[in-house]
Amino acid sequence: MQKKTTMLIKNIGQLVTMQGSVPRRGRFMNEIGLITNGAVAVAGDEILAVGKSDDIVGRVELAENCDVISAENHVVTPGFIDPHTHPVFVGTREAEFEMRLAGKSYMEIAQAGGGIRSTVRQVREATGEELYATSRKTVAALLAHGVTSIEAKSGYGLSTEAELKSLEVIRRLNELEPVDLYPTFLGAHEVPDEYRDHHKEYVELVINEMIPAVAAKKLALFCDVFCEDGVFTVEESRAILTAARKAGMQLKLHADELKSTGGAELAAEMGAISADHLMFISDKGIEMLAASQTAAVLLPGTSFALGLDKTAPARTMIEKGVIVALATDCNPGSSMTESLAMIITLAALKLKMTAAEALSAVTVNAACAIGQGERLGRLESGLPADIAIWDMRDYRELPYHYGVNLVETVIKNGKVVVTR
Ligand code: NIG
Ligand code: FE
């Protein structure tokens, strides 16, 4: 017998199903599986049926107490996926933002003891409870902006104890909040104060102590490294990622963010699940990513908030067939935003991506960047009912109408978790 419908969203002005190829490459990024006057039927935590409203309404059987939502003049999309965030922090860094306006660069501030290390000092002081309370607000804001799955990095602890504390906060958020978090260990985010003159020993600590401790507690699916001039070299990144892979983690990399260092090449060579940032990716890096399954996670909010003109060469990457995803990079230093819609606006204006390409980048391709391409980012029978309802008539309003939150309802696993 057919399952009964527990939630029915009908008369949807524009239903963006994202049905189609996974991942989306090249011109396929413009295919969003659009249905006008559509409907989505949900049974429990799963999608039961997707199609034209008249058709779905005529063929599903409603459960008693079925939640019926009429969504004329609205857009419905899969819940967005944010595949790159640093949500576990306390303290803010608006003073550094002003220093950059006055002409200091991100790296100058970092080398002088600010940057990531200033957040690390505060995170180390914070109790797990305090860290949880602050991170929870960040995660709730992402959810309120239509995000139902979040990749979440540690990386503001930089000691075994404080990294475990951060990853435990992510685990707790995942258990208690109505959003899924996909944890990444980022012990190699920066070299902490006490190891400034012992860089090599810090790399050894990450490899020999932190990775085994994180793996023993099964606290991370992924391991990431900030591969950058003045932070971790390509060789150090390779060593850390090799150890992480042996410990059972999949690989990610902050690559070619501020300079071209060969990060994209390393990510492709090691079969990383994603290479992120890529403002300074080389031509060879683009070729290698295009020929790989490694997703390129682009973060135009970071260029924007750092006041840089340089952006990732998204058009070339799409033309060459790279799997392009978009993320907020939500963090207190280089991108203090929880709005993936704002990132879509920047992707349009700065990366010249169409609204449809950007939608592919925050759904299907973002799912691939967290290893969930099979099950997330599409509205399709049998997949989790993660859905966002937007107060707009046309999906192209997403980049166009900027700086406000147009999310009306967020549904996670078949339950309404945000209404506005
Ligand atoms: O992705 N690049 C390294 N990590 C972050 C910045 C973190 C910070 O400044 O606190 C980023 O941009
Ligand atoms: Fe980042």
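How are the donor residues of the iron ion (ligand 2) spaced in sequence? Before I answer, let me say that what you have in front of you is a predicted model, and I will keep to what can be read from it. The spacing is H-x1-H-x167-H-x74-D, and the residues behind that pattern are His-84, His-86 and His-254, each through NE2, together with Asp-329 through OD, coordinating the iron ion (ligand 2) at 2.1 to 2.3 Å.

Take two of these histidines, His-86 and His-254. His-86 lies in the loop between strand 6 (80-85) and helix 2 (94-101), while His-254 belongs to strand 10 (residues 250-255), so the pair ties together parts of the chain that are 168 residues apart in sequence. His-86 is buried, with a relative accessible area of 2%, and for His-254, which is also buried, the value is 2%.

Those two strand numbers bring me to the sheet. Here 8 strands form an open sheet with parallel pairing, and their order is 6-7-8-9-10-11-12-13. At the edges stand strand 6 and strand 13 (323-326), each with a single partner strand, so one side of each is left without a neighbour in the sheet. From one strand to the next the twist averages 25 degrees. Within this sheet, strand 9 (residues 222-225) pairs with strand 10 in the parallel sense over 2 bridges, and Phe-222 stands opposite Gln-250 in strand 10.

Now to the helices. Helix 6 (residues 160-176) lies across strand 7 (147-153) and strand 8 (180-188), and it runs at about 175 degrees to strand 8. Helix 7 (residues 199-216) packs with helix 8 (residues 234-246) at an angle of about 10 degrees, their axes being 9 Å apart. Because the angle is under 35 degrees, helix 7 counts as roughly parallel to helix 8. On the side of helix 7 the contact is made by His-199, Val-203, Val-206, Ile-207 and Ile-211, and on the side of helix 8 by Glu-236, Ala-239, Ile-240, Ala-243 and Ala-244. By character, the residues of this contact divide into 8 nonpolar, 1 polar and 1 charged.

I would next like to look at Leu-289, which is found in helix 10 (residues 283-290). Is Leu-289 buried or exposed? At 0% relative accessibility, Leu-289 counts as buried, and, leaving aside neighbours within four places in sequence, the residues in contact with Leu-289 include Arg-25, Ala-264, Ala-268, Leu-278, Ile-281, Met-317 and Val-322. As for Asn-208, Leu-289 is 81 residues from it in sequence and 30 Å from it in space, C-alpha to C-alpha.

Finally, a few points of backbone geometry that you may wish to find in the structure. The peptide bond from Val-22 to Pro-23 is cis, with omega near -10 degrees, and Pro-23 sits in the loop between strand 1 (5-16) and strand 2 (34-43). Which residues other than glycine have a positive phi? One of them is Asn-65, with phi near 65 degrees, found in strand 4 (residues 62-70) and exposed at 76% relative accessibility. Another is His-277, with a phi of about 85 degrees, placed in strand 11 (residues 274-277) and buried, with a relative accessible area of 2%.

Notes: Residues are numbered from 1 along each chain as its sequence is written. Chains are lettered from A and ligands numbered from 1 in the order in which they are written. This is a predicted model: local features need pLDDT of at least 70, side-chain atom pairs count only at pLDDT 80 or more; totals for chains, interfaces and linings use all residues. Side-chain values use heavy atoms; hydrogens and water are left out. Donors are N, O and S atoms within 2.8 Å of the metal (3.2 Å for Na, K and Ca); water is not among the atoms, so sites may look incomplete. Helices (H or I, at least four residues) and strands (E, at least two) are DSSP runs, numbered from the N terminus. Buried means under 20% relative accessible area, exposed over 50%, partly exposed in between (1.4 Å probe, protein chains only). Axes are lines fitted to C-alpha atoms, for helices over the stretch in contact, and angles run from 0 to 180 degrees between N-to-C directions. Angles under 35 degrees count as roughly parallel, over 145 as roughly antiparallel, 65 to 115 as roughly perpendicular and the rest as oblique. Contact means heavy atoms within 4.5 Å. Ala, Val, Leu, Ile, Met, Phe, Trp, Tyr, Cys and Pro count as nonpolar, Asp, Glu, Lys and Arg as charged, and the others, Gly among them, as polar. Two strands pair if DSSP finds at least two bridges between them.
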